[in-house]
Amino acid sequence: MRLSCILVKKISIFFCLSVFIFKPLKAQRSTMSDEELISVDYEIFGRVQGVFFRKYTQAEGKKLGLVGWVQNTSAGTVQGQLQGPRGKVKEMQEWLTSTGSPKSHISKAEFSNEKTIDSLEHSSFNIVK
């Protein structure tokens, strides 16, 4: 009798945990999968090197749940790629166009090669050196 009560309590605890922990994760995934995944390349012009632009770009991308990469170019610009749900990518494009890092000055943002993708091609958002 005592063993069956313990087993029932453990099952109840597991069920409660699965409802409160695992269900929200599933809901998040289904919400994300409802929105089309896209990939877009970008290049940002202006005062964007030596002002922590890549670090802030990586942080903002991660905050929005995006994957991709960012790097400095020899021409003095910053370039990279964004991947994720269309709405979040659009938010990041706006951030890259108008916000950037606190000490940056963005004169122009170009976006190219926008395409729909079936799955993410990167696992995180990386700074390429």
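In the predicted model, Arg54 is in contact with Val70, Gln71, Asn72, Val78, Ile127, Val128 and Lys129, its neighbours within four places in sequence being left aside. Arg54 lies in helix H2, which comprises residues 53-63. With a relative accessibility of 22%, the residue counts as partly exposed, since the buried class is reserved for values under 20%.

One of these contacts joins two annotated positions: in an unreviewed entry, UniProt places the feature "active site" at Arg54 and Asn72. The two positions span 19 residues in sequence, yet their C-alpha atoms are no more than 7.7 Å apart, so they gather at one spot. Asn72 belongs to strand S2, formed by residues 67-72. A relative accessible area of 28% makes Asn72 partly exposed as well. Apart from neighbours within four places in sequence, Asn72 is in contact with Gln49, Arg54, Thr77 and Val78. Val78 thus appears among the contacts of Arg54 and among those of Asn72.

The largest nonpolar core of the model contains 18 residues, of which Tyr42, Ile44, Phe53, Leu82, Met92 and Leu96 touch the most other members. Strand S1 (37-47), strand S3 (78-85) and helix H3 (86-98) are the elements that give two or more residues to this core. For Phe53, the contacts beyond four places in sequence are Ile44, Val48, Val78, Leu96, Gly100, Ser101, Ser104 and Ile106. Among these partners, Ile44 and Leu96 are themselves listed with Phe53 as core residues that touch the most other members. Val78, a partner of Phe53, is also in contact with Arg54 and with Asn72.

Terms used
Residues are numbered from 1 along each chain as its sequence is written. This is a predicted model: local features need pLDDT of at least 70, side-chain atom pairs count only at pLDDT 80 or more; totals for chains, interfaces and linings use all residues. Side-chain values use heavy atoms; hydrogens and water are left out. UniProt positions are given in the numbering used here, feature names are shortened, and annotations may be inferred rather than shown by experiment. Helices (H or I, at least four residues) and strands (E, at least two) are DSSP runs, numbered from the N terminus. Buried means under 20% relative accessible area, exposed over 50%, partly exposed in between (1.4 Å probe, protein chains only). Contact means heavy atoms within 4.5 Å. A nonpolar core is a set of buried Ala, Val, Leu, Ile, Met, Phe, Trp, Tyr and Cys residues joined through side-chain atoms within 4.5 Å.
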